[in-house]
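Q: I would like to learn how to read a protein model one feature at a time. Could we begin with the empty space inside it, and then turn to the metal sites?

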Amino acid sequence: AAKEGFGKSKLQFTAIPSIDAMVDAVTVPDGFTWQPIIRWGDPMFKDAPEFDLANQTAAAQERQFGYNNDYTDILEIPGSKGRRAVLFSNHEYTNDAIMFPPTMPADQVRAVGAAAHGLSVVELERQNKNKPWTYVKGAELNRRFLNSTVYELTGPAAGSALVKTVEDPAGRFIKGTLGNCAGGTTPWGTILSGEENFQGYFVGNGTSAGDKRYGITSKPTARQWELDEPRWDTRNPGYENEANRFGWIVEVDPFDPSSTPKKHSMLGRFKHEGANVIIAKSGHVVAYSGDDERFDYLYKFVSKDKYREGDRKHNMTLLSAGSLYVAKFTGNSPAAEITGTGAVPSDGAFDGTGEWLPLVLDGKSAVPGMSVEEVLVYTRLAADKVGPTKMDRAEDVQPSLHTGKVYVACTNNSNRGTGTNEGANEVNPRNQNRDGHIVEITETGDQTSTAFTWNLLMVCGDPAQGDVTYFSGFPVDKVSPISCPDNLAFDSVGNLWISTDGAPSGIGRADGLFKVTLEGAERGKVEQFLAVPRDAETCGPIIHDEERSVFVAVQHPGEDGTFENQVSFFPDYVAAGTTPAPGQARAPRPSVIQVLPIRD
Ligand code: FEO
Ligand code: CA
Ligand code: CA
Ligand code: CA
């Protein structure tokens, strides 16, 4: 339910300057400091060995924190007086060229890499609210989710012929999760994680409508897991449907290490960036999710049943039944005025109306010629039939719990308006959109409504470099330059926080985390809070503004280096010619970091 009002945040800071993309450092505002909470390879269990970069084994990696942490959240353990919490993070993919010595045997590289994927849950502790968190090795709730971890498929596609394999003839139990990108934390305290670029792990025939629409080809995959397990090649008899078992929203209960995680078919199958839930006035829960691909769509799920305060067991069933919609946006300015580089339309705003087009209504297909199972397994093909708006890569989509307004990070789309590709329109107003934009949606009435109005909160770029930008009318010479918005979060008083992925190739500056004022005279003001090290993307922002703390997942630092010529040394920063201390490495390590005030 929406909270009322906006107040002044306890997290006051002076924006940092934009940082050169080659700088291999974490930059935070004056008066703040940072430190890692957990790094790639940190041992999570009592029997886990210390990280040893040059001699990684699969057995060690299975018991250590994984690679390329993306969505992250920290949830306090009830009754711990703020002194214990559980941290969730997912491990989207690996950067094999900088992780493994060239001398490591290929089968070992594949096995360690596979074990570095998946999810992690780890307990944190601190002395009091002013002290930094540290992770607790061997704690009760610690859990690694690996390719062998079993997920239960829920909703209408569970048990369908489209998801059955020789290993799972019932079509209900799936091993592993892949490409986990952004996510969301539900009002009932579970974690949602989006399976995004799963297609890169599969070899297929490459000719079926499904393979083509989801990008599965007959070429060997980059990581070649197909050499070790037949299921990664869907041409193998009995495994034709294996790829249909990925591309879902995953739900995890971080407070129960023995629980079976879920994959929710009711939210559709596509390159889910993530999903975020809000409880509508009616009590139904609504989840928003973007499909991160150029010219793909924005989706919304509405539950059949209602949220029950305090009934966690019931609430954990809510994402299994309901309706699924895809968004269509209509602008209200003449198209000719808004193509090109993004000047403000004559009516003063990028805005208009929209509707949620049904794909599934109350568990039944709303798409002619397709069963509900087909709509949910081949959601992109189903959506293609109803005419939704092709977006500029919808990444994180998140409703504000203060206002119910929904924010969509369209990260970029270099192909808009090129060749035969669709050109700019009011909701995706730039051709060759390099820097992205943020859409703000206001549902008409209740959050379950099928009608909405919309406007653009910002059109990103660096005004100082001459980019044509828009910040809801806020003076463009008074904002931090921002490019390629990706993950979204809110602080406790309703400000939007945006982390970026791709600013180095956009405006030539380091990626970072930005606070955006949404209401009042300063609406559209963008203030940069931090910048991440060389080649890294900023992921999984958590804003604990009441404790003046911010957390981010630093993903793929130094990814353009090689094992022998690393370009980032984050976060250990072991000096050249120095032998790393036990557990440290002179190589980049994706890590979850905390930023907190310097206290005397
Ligand atoms: Fe993994 Fe859409 O970023
Ligand atoms: Ca992302
Ligand atoms: Ca307009
Ligand atoms: Ca991204």
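A: A cavity is a set of grid points where a 1.4 Å probe fits but cannot get out, and its volume is the space filled by probe spheres set on those points. The model here is a predicted one, and in it the largest cavity holds about 40 Å³ of space.

Q: How many cavities of 30 Å³ or more does a search of the whole structure find?
A: The search finds one.

Q: Which residues line the largest cavity, and which strands each supply at least two of them?
A: The lining includes Arg126, Lys129, Trp133, Glu547, Phe551 and Leu596, and the strands that each supply at least two of its residues are β30 (549-555) and β31 (591-597). By character, the lining residues divide into four nonpolar, two polar and four charged.

Q: Which protein atoms are the donors of the calcium ion (ligand 2)?
A: A donor to calcium is an N, O or S atom within 3.2 Å of the metal. For the calcium ion (ligand 2) the protein donors are Cys181 (SG), Glu273 (OE) and Asp486 (OD), the last listed twice, at 2.4 to 3.0 Å. Glu273 lies in the loop between β12 (262-264) and β13 (276-279), whereas Asp486 belongs to strand β25 (residues 485-490), 213 residues apart. Asp486 also coordinates the calcium ion (ligand 4), which is 3.9 Å from the calcium ion (ligand 2).

Q: Are Glu273 and Asp486 buried or exposed?
A: Both Glu273 and Asp486 are buried.

Q: Why does Asp347 count as partly exposed?
A: Asp347, one of the residues coordinating the calcium ion (ligand 3), counts as partly exposed because its relative accessibility is 40%, and that class lies between 20% and 50%.

How values were computed: Residues are numbered from 1 along each chain as its sequence is written. Chains are lettered from A and ligands numbered from 1 in the order in which they are written. This is a predicted model: local features need pLDDT of at least 70, side-chain atom pairs count only at pLDDT 80 or more; totals for chains, interfaces and linings use all residues. Side-chain values use heavy atoms; hydrogens and water are left out. Donors are N, O and S atoms within 2.8 Å of the metal (3.2 Å for Na, K and Ca); water is not among the atoms, so sites may look incomplete. Buried means under 20% relative accessible area, exposed over 50%, partly exposed in between (1.4 Å probe, protein chains only). Helices (H or I, at least four residues) and strands (E, at least two) are DSSP runs, numbered from the N terminus. On a 1 Å grid over the protein atoms alone, a cavity is a set of points where a 1.4 Å probe fits but cannot get out, and a pocket is an open set with protein on both sides within 12 Å along at least five of seven lines; lining residues have an atom within 4 Å of a point. Ala, Val, Leu, Ile, Met, Phe, Trp, Tyr, Cys and Pro count as nonpolar, Asp, Glu, Lys and Arg as charged, and the others, Gly among them, as polar.
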